[in-house]
Amino acid sequence: MSTPHVVVVMGVAGTGKTTIGPLLAAGLGVPYAEGDDFHPAANIAKMSAGTPLDDSDRWPWLDAIGQWAHGRAGLGGVVSSSALKRVYRDRLRAEAPGAVFLHLTGDRALIETRMAERKGHFMPTALLDSQFATLQPLQEDEAGVSVDVSGIPEEITQRAVAALRRLGN
């Protein structure tokens, strides 16, 4: 990609957004922002207790991510956000119209296994079903690509970079 885009790494919990995001940013030579860092403390507490967020919880979080992405317009960057629903991606695009999405996809069993193995994360595996129920995959009119998360992080990142390059400017 010759023009530096802001790439939003999206997908359900456990797909590797926090792992792939920094690798992708390094590969593209742009900064990375961890989407979870934009959550207010009340959201973290709610998810830690096993309660899914509702849309009113998500709007300020999405707006903060969108503002970061807007600030990186023309400079490039990578930020993670589950962005599970089209309306959430629309909200991000309202702040950062040039953003493109990298949807990390995968088999539910693989994702659940990875979630169970990670340490110190606030999102319990019990919320995975709600994540999949909420997920609305990228639609044809949305700028973005989907990449399968099977394999090691470096392989996934290589597939992501190649898919984003094919996406073009």
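This passage describes the overall build of the protein and then one residue in a loop. The model is predicted.

The protein contains 7 helices and 5 strands. From the N terminus on, these elements follow the order β-α-β-α-α-β-α-β-α-α-β-α. The chain thus opens with a strand and ends with a helix.

The overall dimensions were computed next. Along the principal axes, the C-alpha atoms fill a box of roughly 45 × 35 × 30 Å. The radius of gyration is 15 Å. A compact globule of 169 residues would have a value near 15 Å, so the protein agrees with that expectation. Contacts far along the sequence are frequent. Among contacts with a separation of 6 or more, 74% join residues 24 or more positions apart.

Burial and surface were also computed. Of the 169 residues, 43% count as buried. The protein exposes about 7800 Å². Carbon and sulfur atoms supply 54% of this area. The protein carries 16 positive and 19 negative charges. The mean positions of the two sets are 2 Å apart.

One residue stands out in its backbone. Ala-83 is not a glycine, yet its phi is positive, at about 45°. Most residues other than glycine have a negative phi. Ala-83 lies in the loop between strand 3 (77-80) and helix 4 (86-95). Its relative accessible area is 0%, so Ala-83 counts as buried, the cut-off being under 20%. This loop position therefore combines a positive phi with a buried residue.

Methods
Residues are numbered from 1 along each chain as its sequence is written. This is a predicted model: local features need pLDDT of at least 70, side-chain atom pairs count only at pLDDT 80 or more; totals for chains, interfaces and linings use all residues. Side-chain values use heavy atoms; hydrogens and water are left out. Helices (H or I, at least four residues) and strands (E, at least two) are DSSP runs, numbered from the N terminus. Buried means under 20% relative accessible area, exposed over 50%, partly exposed in between (1.4 Å probe, protein chains only). The radius of gyration is taken over C-alpha atoms; the globule rule is 2.2 Å times the number of residues to the power 0.38. Contact means heavy atoms within 4.5 Å. Accessible areas come from the Shrake-Rupley method with a 1.4 Å probe; for residues, only the protein chains shown count as cover. Lys and Arg count as positive and Asp and Glu as negative; His and the chain ends are not counted. The place of a charge is taken as NZ of Lys, CZ of Arg, CG of Asp or CD of Glu.
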